[in-house]
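Trainee: Please take one part of this model and go through it closely. I would like the contacts of a single residue and its surroundings, and then how the rest of the chain relates to that part.

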Amino acid sequence: MAGTTDFDLYRPAEEHDMLRDTIRALAEAKIAPFAAEVDEEGRFPQEALDALVASDLHAVHVPEEYGGAGADALATVIVIEEVARACASSSLIPAVNKLGSLPVILSGSEDLKKKYLGPLAKGDAMFSYALSEPDAGSDAAGMKTKAVRDGDFWVLNGVKRWITNAGVSEYYTVMAVTDPTKRSKGISAFVVEKSDEGVSFGAPERKLGIKGSPTREVYLDNVRIPADRMIGEEGTGFATAMKTLDHTRITIAAQALGIAQGALDYAKGYVQERKQFGKPIGDFQGIQFMLADMAMKLEAARQLTYAAAAKSERLDGDLTSFGAAAKCFASDVAMEVTTDAVQLLGGYGYTRDYPVERMMRDAKITQIYEGTNQVQRIVMARNLP
Ligand SMILES: Cc1cc2nc3c(=O)[nH]c(=O)nc-3n(C[C@H](O)[C@H](O)[C@H](O)COP(=O)(O)OP(=O)(O)OC[C@H]3O[C@@H](n4cnc5c(N)ncnc54)[C@H](O)[C@@H]3O)c2cc1C
């Protein structure tokens, strides 16, 4: 794998490589052993959360001034990539902690940052992101959840759908309409706490993959929160939500890279062991070409993702299109590579006795969430240089 020198911004490349070694060792020892069980039972990967918190790797992006590790965007990508290589469901712990809290980091008041980033950094609370609704997915600005001002409070009512880690997270960034006449400019962002009166959750969705990551509806029934829980100014919530996605689509690309790398590594080992026609199937050129294509596409996706991470750190003007491109390309590659990995294992690949079918199921979501790959293409087309 290529070094990270070209994209390293603030620290020597060795630090990123050392971080990768650390997180890979942790993921192999403490996360991978539970990945199949977490998938099979559809249960939250508590072992992964405990291991990540114990090593301070559950929310590395939180700035040092708020008690976090202050990791740059590339380091965060590496953490998510390595966790996903072992267990995609578990990689949504660091990924969604960033997604949920980035609106506060980007646009929140100093008081909000102090109040909510500290517990996140310590591992006392997780953070979710609540934009989507039953009738507002790709067209997120069509949301119906409302927030109405009442003196020093806002009162929220509505349903958020598909919320990752809902019920497990303590904190939620919730986007809600504060002025229905202004569409996206009439949307504001708020921090809602799980313990706020009127907050409840739907049954876990029964999904194709990432079964260990709870996805639930969040119900807001007259949830009355202090006015200072608004993130940024009134009417800026949608812009903050989109700015957040510019940065976090790169973390979905990272997740896709990790899933694909896990599948490639497994398939590479398998073809050296499995014998047909009197020799390891890896001796056949047809198999070698498949592996070469998988590795080539994966490395291209990795380079694009790391370049996007550098842009995220530098706040480059073309971050929006790079973030969309990295997510779109890496997730398409992950789908291809994991499907090919199943093919390389033949009938065995199609069973739950081997990890590649889980990886193929897990890869699919990376083409869908944080904006489908059709939406990424719309974003790229709108931002053509
Ligand atoms: C497991 C899971 C976890 C999720 N986690 C979160 C979360 O934590 N927080 C959150 O807010 N949301 C989350 N989501 C929601 C996710 O971001 C949406 O599902 C996604 O944005 C697509 O919206 P939709 O499902 O309503 O599909 P739709 O918008 O209904 O799209 C259906 C199809 O139409 C296509 N389409 C739509 N509009 C266009 C267009 N203009 N041009 C071309 N094609 C188009 C789409 O690409 C797709 O193929 C999650 C979803 C899932 C499944």
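Mentor: What follows starts at K160 and the ligand and then moves on to other parts of the chain.

The model is predicted, so a word on confidence comes before the details. The chain averages a pLDDT of 96, and 97% of the residues score at least 70. Over residues 1-5 the pLDDT stays under 50, and the model has eleven contacts beyond four places in sequence for that stretch.

K160 is found in strand β3, which spans residues 153-164. Is K160 buried or exposed? With a relative accessibility of 0%, K160 counts as buried, because the cut-off for that class is under 20%. Leaving out residues up to four places away in sequence, K160 touches A130, L131, S132, E133, M143, T145, V174, M175, R216, E217, V218 and L220. For E217, the separation along the chain is 57 residues, while the C-alpha atoms of K160 and E217 are separated by 5.5 Å. Which backbone oxygens does the side chain of K160 reach? One belongs to L131, at 3.0 Å. Another belongs to M175, at 2.8 Å.

L131 leads on to the ligand. A backbone N or O atom of L131 lies 2.9 Å from an oxygen atom of the ligand, and the backbone oxygen of L131 is reached by the side chain of K160. Y129 also takes part through its backbone: an N or O atom there lies 2.8 Å from a nitrogen atom of the ligand. With S138 the contact comes from the side chain, where a polar atom lies 2.6 Å from an oxygen atom of the ligand. There are 19 residues around the ligand, and S132, S138, W162, T372 and Q374 come nearest. S132 is also among the residues that K160 touches.

Another strand residue can be read in a similar way. E193 is found in strand β5, residues 187-193. At 14% relative accessibility E193 counts as buried, because this value falls under the 20% cut-off. Its contacts, again without residues up to four places away in sequence, are K115, Y116, E170, Y171, V199 and R229. The C-alpha atoms of E193 and S169 are 8.6 Å apart in space, with these positions 24 residues apart in sequence numbering.

Now the helices. T251 has its place in helix α6 and is buried, at 2% relative accessibility. Beyond four places in sequence, T251 touches I80, A95 and K98. Helix α6 (237-273) is also one of the elements against which the buried residues of α10 pack. The others are α1 (13-41), α3 (73-86), α4 (88-107), α8 (319-344) and α9 (346-349). Helix α10 itself covers residues 356-365 and is mostly covered, with seven of its ten residues buried. These are V356, E357, R358, M359, R361, D362 and A363.

Charged side chains come next. A search of the whole structure finds 28 salt bridges. One of them joins R302 and E299, at 2.9 Å from N to O. R302 and E299 are three residues apart in helix α7 (residues 285-314), so about one helical turn separates them. R302 is buried, with a relative accessible area of 3%. The pair belongs to a network of salt bridges that links R20, R24, E81, E82, E299 and R302.

Two further pairs involve residues with other accessibility classes. R43 and E41 meet through their side chains at 3.5 Å, N to O, and E41 counts as exposed at 53% relative accessibility. R314 forms a salt bridge with D316, with 3.0 Å between the closest N and O atoms. Here R314 is partly exposed at 42%, and D316 is partly exposed at 22%.

Cysteines close the survey. A disulfide is a covalent bond between the sulfur atoms of two cysteines. How many disulfides does the model have? The count comes to zero. C87 is buried at 3% relative accessibility, and C328 is buried with a relative accessible area of 4%.

To return to the starting point: K160 is buried in this predicted model, and its side chain reaches the backbone oxygen of L131, a residue with a backbone N or O atom 2.9 Å from a ligand oxygen.

Terms used
Residues numbered from 1 in each chain as written. Predicted model: local features only at pLDDT ≥ 70, side-chain atom pairs only at ≥ 80, totals over all residues. Heavy atoms only, no water. Salt bridge = Lys/Arg side-chain N within 4 Å of Asp/Glu carboxyl O. Buried < 20%, exposed > 50% of the residue type's maximum accessible area, 1.4 Å probe, protein only. Helix = DSSP H or I, 4+ residues; strand = E, 2+ residues; numbered from the N terminus. pLDDT = per-residue confidence, 0-100. Contact = heavy atoms within 4.5 Å. Disulfide = S-S within 2.5 Å. Near = heavy atom within 4 Å. Polar contact = N/O pair within 3.5 Å; in protein donor to acceptor, adjacent residues only side chain to side chain.
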